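Open the model in your viewer and keep the selection box handy. We'll go from stop to stop, and at each one you'll pick something and look around.

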Amino acid sequence: MIWRGTFSLFFVFFFNFFFQRLFIFGTERETEHERGRGRERGRHRIGNRLQALSHQPRARHGARTHRPRDRDLAEVGRLTDCATQAPHPSRCLKRVPGVAVLQGRMFARGLKRKSSEDAEDADGGVAGLPAAPSYTLQRQSLLDMSLVKLQLCHMLVEPNLCRSVLIANTVRQIQEEMTQDGTWRVVAPQAAGRAPLDRLVSTEILCRSGREQEGEGDCPLPDPAPGQAPRRPQSSPWGLDGSREGRGGFQKSLDHIFETLENKTPGSVEELFSDVDSSYYDLDAVLTGMVGGAPTGPGLPAFAPTAAAPPSSTCRSDLGELEHTVEILVET
Amino acid sequence: MAGAGGGGCPAGGNDLQWCFSQVKGAIDEDVAEADIISTVEFNYSGDLLATGDKGGRVVIFQREQENKSRPHSRGEYNVYSTFQSHEPEFDYLKSLEIEEKINKIRWLPQQNAAHFLLSTNDKTIKLWKISERDKRAEGYNLKDEDGRLRDPFRITALRVPILKPMDLMVEASPRRIFANAHTYHINSISVNSDHETYLSADDLRINLWHLEITDRSFNIVDIKPVNMEELTEVITAAEFHPHQCNVFVYSSSKGTIRLCDMRSSALCDRHSKLTGPGPPLEVSEAQKVKARKLTDWKVFEEPEDPSSRSFFSEIISSISDVRFSHSGRYMMTRDYLSVKVWDLNMESRPVETHQVHEYLRSKLCSLYENDCIFDKFECCWGGSDSAIMTGSYNNFFRMFDRNTRRDVTLEASRENSKPRASLKPRKVCTGGKRKKDEISVDSLDFNKKILHTAWHPAENIIAVAATNNLYIFQDKVN
């Protein structure tokens, strides 16, 4: 029971940071029925990923030859098409033990789904499709990728400031363009259920910041968690009608990222996710009662999960527990 | 063949014909990350070639003297000294590991028998003295030959120690350690032409040091915004002018280059060249700068071509390296897809733009995904400034002759490693039918990137770092 609990906790934490193509926490959450479906799918995926995880060696802390933050040589091989290929799993794994393998596979899965739906690649439109959606999807995919990269930046022991700044600028650029297009929206909770599965989920940052900035109450959850269900449609045929802009808040969150990069203390990274909603982790009954922790030791990148318990107070004390959990999971 | 006048035009023509000379490094496919070369630099005479790697080690190669019996082969470079320059550290306050990877090595001009170089990792710069010892003293009075101390009361006669020759020993010792001056990661160091000072640049600040003083440095550029949330631009490279000791240049991630004159002001980070002398202006742009004294600046920036704008425009315009020409009249900047040569007197646009691997422009999305778009390529000038060189992927590197406007793509590979074998030009096919010997863009190996290159200051000898191997190529002796 405890094993399952901690094991699920592990994945929940990681999933929160890889919001793209998070089918587990997809829009099905919005209704009981859909929630069930999501969970089923999620379980299946968890199983696969655990297998993947368990076969990989864990990067040793301080090991000279495998630095988690360096891009592994094996990873970058042939140039691949953005839309149809994911980063090689082994690369991601060495960088962030356990976590990025999930990201890699999720990314691929998501993209493949999108590809199968739209038969599109990111480098150019597909003949037969109108130009506008293809550009929009490209832009969306780029935004997804950028946000993930920024998140990973947090988790690296030594973020490369230049790279982070460039990615953040790219995100701002996309966001500005989307704001001008009017496609930068946050969905009202009622309509969220119909949002398409393969849309980028509005990140926790957007929701949270929007709520903070504009004081409106129509953010989907009172305390939205990172990487949750898609709430912000792009030019979606579903015609979602949320009209609140998270722009200012988004900016604020990007800024927050830089503050975090600047203060690289364990606590500061936690702050970024300090108001994550606990109910979000209710993947199944076993998860209730989990506590969170923010591992920031050198061997384990500083992704800052928070869970049921109100964060900051318990985070540090549970550092050891989470680290222990990860050890168990990765070394099986 | 000292002073052959590199790049110099033989009667026949300007084209350089490059041949393989040597390769250093392990052959196996399995590359230990610590062996990856992270910087390459010739010294002022070209006799010494230093490399730094990710494991914090410095390896210095020395050129052998000309062999009279083989007049046609120029001196080879052999290992002269190896030492561990930096060790990994842990910053306890920030819970961060500080990598030992050597980011840059810069030689000091030689003033006596010893050689001095500066090597830096992300946080600490060290001045190393490399000296030779080929004699040892024998016949001490207070010590036995095996080193044991003699009892002074037993000594009845004194003798003068004699110097006897011994096998050459090269020692490296750290003479100065310049630490704790950088909050961000150091990306450049540059020795001034006065040979007394040098600058070190990190992402947001540039400091000026005196080589003799380690506990103090002057901050001369600071682009850190008051509010880190407004950070949109970082410093990517910096260099002192080769002749004017008050002038230096630094490049940014937004593709701008700023030429600064230290005489005008103690702090050199004013924003716009358009504002002339006058009271300090309050900058209200996104990246706020504290009000400063005025300075005499030039800002070099090429206006963006609106037709080629994409989401990646800013990333690919980020400058990864900036180098002054030997003459000091020009400077060269390397961004992701091109190298640009600028005349210091003209800020509006570069005088030359050379495409390095334009075929990658349509692949930027994939390159962004696998992070290759953030690779920082270096560039270098030939001895006479008539040719420039930079690296690319698939172990290719590119040479541009500025006079003939011709360029060539060459490859650093073990297959072409027969001594004095000429390098065959390579070609990347961008689409359509692939001719024989061409390689298609999708077959390029993005693991094999040539980021670091160096050119001998006087002769046509180049050193190219391909992951963990160092290739040395020479111009065919005509």
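Are B:Arg148 and B:Asp146 buried or exposed? Select the two and check: both B:Arg148 and B:Asp146 are exposed, where exposed means over 50% relative accessible area, buried means under 20%, and partly exposed is anything in between (1.4 Å probe, protein chains only).

Before going on, some housekeeping. This is a predicted model, in which local features need pLDDT of at least 70 and side-chain atom pairs count only at pLDDT 80 or more, while totals for chains, interfaces and linings use all residues. Residues are numbered from 1 along each chain as its sequence is written, chains are lettered from A and ligands numbered from 1 in the order in which they are written, and side-chain values use heavy atoms, with hydrogens and water left out.

**Stop 1: salt bridges**

Stay with that pair. B:Arg148 forms a salt bridge with B:Asp146, their closest N and O atoms being 3.8 Å apart; the term means a side-chain nitrogen of Lys or Arg within 4 Å of a carboxyl oxygen of Asp or Glu. Side chains of opposite charge can pair when their charged atoms come close. Over all chains, the structure holds 36 salt bridges.

Now hop to chain A and pick A:Arg139 and A:Glu177. Their side chains meet in a salt bridge too, at 2.8 Å from N to O. A:Arg139 sits in helix 5 (residues 131–155) of chain A and A:Glu177 in helix 6 (residues 161–181) of chain A, so the pair ties together parts that are 38 residues apart in sequence. (Helices, H or I with at least four residues, and strands, E with at least two, are DSSP runs numbered from the N terminus.) A:Arg139 counts as buried because its relative accessibility is 2%, while A:Glu177, at 23%, is partly exposed.

For a group rather than a pair, select B:Lys104, B:Asp321, B:Arg323 and B:Glu378: these are linked in a network of salt bridges.

**Stop 2: chain A as a whole**

Color chain A by secondary structure. What does its secondary structure come to? You should find 12 helices and zero strands. Of the 332 residues in chain A, 62% are buried. Next, think about contacts, meaning heavy atoms within 4.5 Å. Among those in chain A between residues at least 6 apart in sequence, 77% join residues at least 24 apart. Switch on the surface as well: the accessible surface of chain A is about 11,700 Å², and 51% of that belongs to carbon and sulfur atoms. That area comes from the Shrake-Rupley method with a 1.4 Å probe; for residues, only the protein chains shown count as cover.

**Stop 3: a sheet in chain B**

Back to chain B, with the cartoon on. Four strands form an open sheet in the order 12-13-14-15, with antiparallel pairing; two strands pair if DSSP finds at least two bridges between them. Strand 12 (188–191) and strand 15 (218–222) of chain B stand at the edges with a single partner strand each, so one side of each has no neighbour in the sheet. Strands of a sheet pair through backbone hydrogen bonds, either parallel or antiparallel.

Zoom in on strand 13 and strand 14 (residues 205–210) of chain B, which pair in the antiparallel sense over five bridges. One bridge to click on: B:Ala201 has B:Ile206, in strand 14 of chain B, as its partner.

Then show the side chains of B:Arg205 and B:Asp222, which meet in a salt bridge of 3.2 Å, N to O. B:Arg205 is in strand 14 of chain B and B:Asp222 in strand 15 of chain B, 17 residues apart. With 8% relative accessibility, B:Asp222 counts as buried.

**Stop 4: B:Ser200**

Select B:Ser200, in strand 13 (residues 197–201) of chain B. Why does B:Ser200 count as buried? Because its relative accessibility is 0%. Leaving aside neighbours within four places in sequence, B:Ser200 is in contact with several residues, including B:Ile125, B:Arg205 and B:Trp209. Another one is B:Ile189: it is 11 residues from B:Ser200 in sequence, yet the C-alpha atoms are 4.4 Å apart.

**Stop 5: two unusual phi angles**

Most residues other than glycine have a negative phi. Pick B:Asn394, which has a positive phi of about 60 degrees although it is not a glycine. B:Asn394 is found in the loop between strand 25 (387–391) and strand 26 (396–401) of chain B, and it is buried, with a relative accessible area of 9%. Finish at B:Arg405, whose phi is also positive, near 60 degrees. B:Arg405 lies in the loop between strand 26 and strand 27 (407–411) of chain B and is exposed, with a relative accessible area of 55%.
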